[in-house]
Amino acid sequence: MKEKSLGAEFIKGLWKENPVLVMLLGLCPTLAVTNSVNNAIGMIGAVFFVLTCSSIMVSIVKDLVPSQVRIATYIVIIATFVTVADRFLAAYFPELSKALGPYVPLIVVNCIILGRQEAFASRHGLVESIADALGMSCGFGIALLLLSSVREILGNGTWMGIKIVKGWFTPWQVMILPAGAFLALGVLVGIVHFLMDRKS
Amino acid sequence: MEYLVIFISALLINNFVLSYFLGICPFVGVSNKIDSALSMGFAVTFVMTLAAIVSWGVYNLVLVPYKLEFLEIVSFILIIASLVQLVEMFIRKTSPTLYQALGIYLPLITTNCAILGVALLAVLKGYAFVETVVFAFGAGLGFTLAIVMMAGIREELDGADIPSPFKGPGITFITAGILALTFMGFSGLIR
């Protein structure tokens, strides 16, 4: 396989291999926390931290870990960083931590993170792993921001708590309810597929 | 009565898939056929109830007395991973037929967020032992219900004329959205 440049490792996570919209990984947090942009940003931050730190850690220890126990090792590494993120949010952003509820601890079983460790960080060097982790978290961030913006604007008429549509617009309450998450994601995935089909 | 409320609420009102968004990966991945959806559902219900019992024990008998609550995440995920391995070995030895039916789904369950979700939510809600068991069992059945309904709908969708960008995941999410809407009808069941 040809060595790809660091930039390419970063860029691929943004669109072509976008973890949420194209690979359909990590859907639980995507659907659950996108009822407002603020919650989404909190989740993006937590995933960014956990993914980057675990990728660094895994790419450092990859040669020391016997391959039979590698998954268990990755899970423990990820769980440790998730605990750090969870405690940090609870201490400094108690409101956000309450709003995100069990979804911060649930980052442990987020397929994006374990998937990247298994598919990338365990086979590549430190710097490439960091580039990959950054790209993937940005891709995750883009998807979450898009989805939460759509849902908050349509469902509540606000964006990050600021009122942007006034008067004539009646908020579609369904968009902030669970059903709206599925509908919005379905339409978004459809649009992404449409754009990709047209390009190729 | 109180147990019935917890059960119904985990089964229908706060359905794990359709209102907590837990276990979406198998929900999208394994909902092609009704049989495999049913097997997956039972495997999840079984492991979920066991995992909730064991993690309740570990949390309340080990972590709380020693003030180690911050180890909750690490210990729960290890409990689930080892539990799944044990269950797999046990089933393979004792009942080959059951192993044939559930076997391939068991490893997938380790990374199923619904299992960890049940353990975490039971702690978050401060449930006592029996409540935890009822809650986990109801949640598991709710997952089974949702995934089987979805599989039934998807079998019908195969023959439908869907615009090509929406084929596959797109239409699945939209169907799930409509299912979630109908499940909202249950919310008046318990005040």
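Contact means that heavy atoms lie within 4.5 Å of each other. This is a predicted model, in which local features need pLDDT of at least 70 and side-chain atom pairs count only at pLDDT 80 or more, while totals for chains, interfaces and linings use all residues. Residues are numbered from 1 along each chain as its sequence is written, chains are lettered from A and ligands numbered from 1 in the order in which they are written, and side-chain values use heavy atoms, with hydrogens and water left out.

**Exercise 1. Place Leu116(B) in its surroundings, stating which residues it is in contact with beyond its neighbours within four places in sequence.**

Step 1. Leu116(B) lies in helix H7 (residues 113-124) of chain B, where helices (H or I, at least four residues) and strands (E, at least two) are DSSP runs, numbered from the N terminus.

Step 2. Leu116(B) has a relative accessible area of 1% and is therefore buried, given that buried means under 20% relative accessible area, exposed over 50%, and partly exposed in between (1.4 Å probe, protein chains only).

Step 3. With neighbours within four places in sequence set aside, Leu116(B) is in contact with Pro105(A), Leu106(A), Val108(A) and Val109(A) from chain A, and with Phe76(B), Ile77(B) and Ile80(B) from chain B.

Step 4. Leu116(B) and Ser55(B), which are 61 residues apart in sequence, have C-alpha atoms 9.5 Å apart in space.

**Exercise 2. Describe the largest cavity, its volume and its lining.**

Step 1. On a 1 Å grid over the protein atoms alone, a cavity is a set of points where a 1.4 Å probe fits but cannot get out, and lining residues have an atom within 4 Å of a point. Grid points are joined across faces, edges and corners, and a volume is the space filled by probe spheres set on the points.

Step 2. By this rule there are 2 cavities of 30 Å³ or more, and the largest cavity holds about 60 Å³ of space.

Step 3. The lining of the largest cavity includes Leu106(A), Val109(A) and Cys113(B), and helix H2 (residues 27-32) of chain A gives the most to it, with 3 residues.

Step 4. The lining residues divide into 9 nonpolar, 2 polar and no charged, where Ala, Val, Leu, Ile, Met, Phe, Trp, Tyr, Cys and Pro count as nonpolar, Asp, Glu, Lys and Arg as charged, and the others, Gly among them, as polar.

**Exercise 3. Compare the span of helix H4 (residues 70-92) of chain A with its expected span, and state what covers its buried residues.**

Step 1. The expected span of a helix is 1.5 Å times one less than its number of residues. H4(A), with 23 residues, reaches 33 Å from its first C-alpha to its last, close to the 33 Å expected.

Step 2. The buried residues of H4(A) include Tyr74(A), Ile78(A), Phe81(A), Asp86(A) and Leu89(A).

Step 3. What covers the buried residues of H4(A) includes H3, helix H5 (94-100) and helix H6 (111-121) of chain A, together with helix H4 (72-94) of chain B.

**Exercise 4. Characterise Met136(A) and the helix that holds it.**

Step 1. Met136(A) lies in helix H7 (residues 126-156) of chain A, and H7(A), which has 31 residues, reaches 43 Å from its first C-alpha to its last, close to the 45 Å expected.

Step 2. Met136(A) is buried, because its relative accessible area is 1%.

Step 3. Neighbours within four places in sequence aside, Met136(A) is in contact with Gly13(A), Glu17(A), Pro19(A), Leu51(A) and Arg116(A).

Step 4. Just after H7(A), Gly157(A) takes a positive phi of about 75°.

**Exercise 5. Two residues of chain B have a positive phi although neither is a glycine: is Phe21(B) buried or exposed, and is Lys67(B) buried or exposed?**

Step 1. Phe21(B), with a phi of about 60°, is found in the loop between helix H1 (2-13) and helix H2 (24-29) of chain B, and it counts as buried because its relative accessibility is 3%.

Step 2. Lys67(B), with a phi of about 55°, is found in the loop between H3 and H4 of chain B, and it counts as exposed because its relative accessibility is 67%.

Methods
1 Å grid on protein atoms, 1.4 Å probe; cavity = no way out; pocket = protein on both sides within 12 Å on 5 of 7 lines; lining within 4 Å.
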